[in-house]
Amino acid sequence: MSVKEQLRVAAGAELPADPETDYAHEVEDIAAVTSAVDRPLFLSGDKSPVHLGERTRVLAGVMPHATVARLPGQGHSANDRDPALVAGLIAGWAAQVGVH
């Protein structure tokens, strides 16, 4: 299965096929952006919905240089609840991969 197909499966696994709510075009946009990123960072709160963790795992699995940062005690809105934690993770990742 190609990376694009894996991304489509990951993003659409629990989404309806209705054209009004089909997110496949967003997956294609994500694939285009992430293909330009050599070492993406995925943030995953351990209190986030299970399906988000599954999608994160699949996406990271098709991107061999991806970093997955687990956010203990955080859900889907960690950036609102603990912005210093999120900023620190992003800053650490940026320094590690040489992003200025």
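## Close-up views of a predicted model

**View 1. One side of helix α3 is buried.** In α3, the buried residues are Arg55, Thr56, Leu59 and Ala60. They lie on the same side of α3, because they cover an arc of only 130° around the axis. The other side of α3 holds exposed residues: Val50, Arg57 and Gly61. This is a predicted model.

**View 2. Helix α3 from end to end.** Helix α3 covers residues 50–61, which makes 12 residues. How far apart should its ends be? At 1.5 Å a residue, the helix should span 16 Å. The C-alpha atoms at its ends are 17 Å apart, so the expected and modelled values agree.

**View 3. Serine 44 in strand β1.** Strand β1 covers residues 41–45, and serine 44 is part of this strand. Is serine 44 buried or exposed? Its relative accessible area is 7%. Buried means under 20%, so serine 44 counts as buried. The side chain of serine 44 makes a polar contact with the side chain of arginine 70. The length of this polar contact is 2.9 Å.

**View 4. The surroundings of serine 44.** Which residues does serine 44 contact, leaving aside neighbours within four places in sequence? They are Gly53, Thr56, Val68, Ala69, Arg70 and Leu71. Thr56 also appears among the buried residues of α3. Strand β2 runs over residues 67–71.

**View 5. Valine 86 in helix α5.** Valine 86 sits in helix α5, which covers residues 83–97. Its relative accessible area is 9%, so valine 86 is buried. Not counting residues up to four places away in sequence, valine 86 touches Leu43, Leu71, Ala78 and Asn79. Take leucine 43 as one of these partners. Along the chain, valine 86 and leucine 43 are 43 residues apart. Their C-alpha atoms are separated by 8.2 Å.

**View 6. The two sides of helix α5.** Three residues of α5 to look for are Val86, Trp93 and Ala94, which are buried. They cover an arc of only 100° around the axis, so they are on the same side of α5. Now turn to the other side of α5, where Ala84, Ala95 and Gln96 are exposed. What do the buried residues of α5 pack against? Their partners are β1, β2 and α4, and α4 covers residues 78–81.

**View 7. Helix α5 and the glycine after it.** Helix α5 has 15 residues. At 1.5 Å a residue, these should span 21 Å. The end C-alpha atoms are 21 Å apart, so the helix agrees with the expected span. Just after α5 comes glycine 98, with a positive phi of about 80°.

**View 8. The whole chain.** The protein chain has 5 helices and 2 strands. Along the sequence, the pattern reads α-α-β-α-β-α-α. The chain has 100 residues, and 25% of them count as buried. Now consider contacts with a separation of 6 or more. Residues 24 or more positions apart account for 68% of these contacts. The accessible surface comes to about 6,600 Å². Carbon and sulfur atoms make up 57% of this surface.

Notes: Residues numbered from 1 in each chain as written. Predicted model: local features only at pLDDT ≥ 70, side-chain atom pairs only at ≥ 80, totals over all residues. Heavy atoms only, no water. Helix = DSSP H or I, 4+ residues; strand = E, 2+ residues; numbered from the N terminus. Buried < 20%, exposed > 50% of the residue type's maximum accessible area, 1.4 Å probe, protein only. Polar contact = N/O pair within 3.5 Å; in protein donor to acceptor, adjacent residues only side chain to side chain. Contact = heavy atoms within 4.5 Å. Expected span 1.5 Å × (residues − 1). Arc of directions from axis to C-beta. Areas by Shrake-Rupley, 256 points an atom, 1.4 Å probe, with all protein chains shown as cover.
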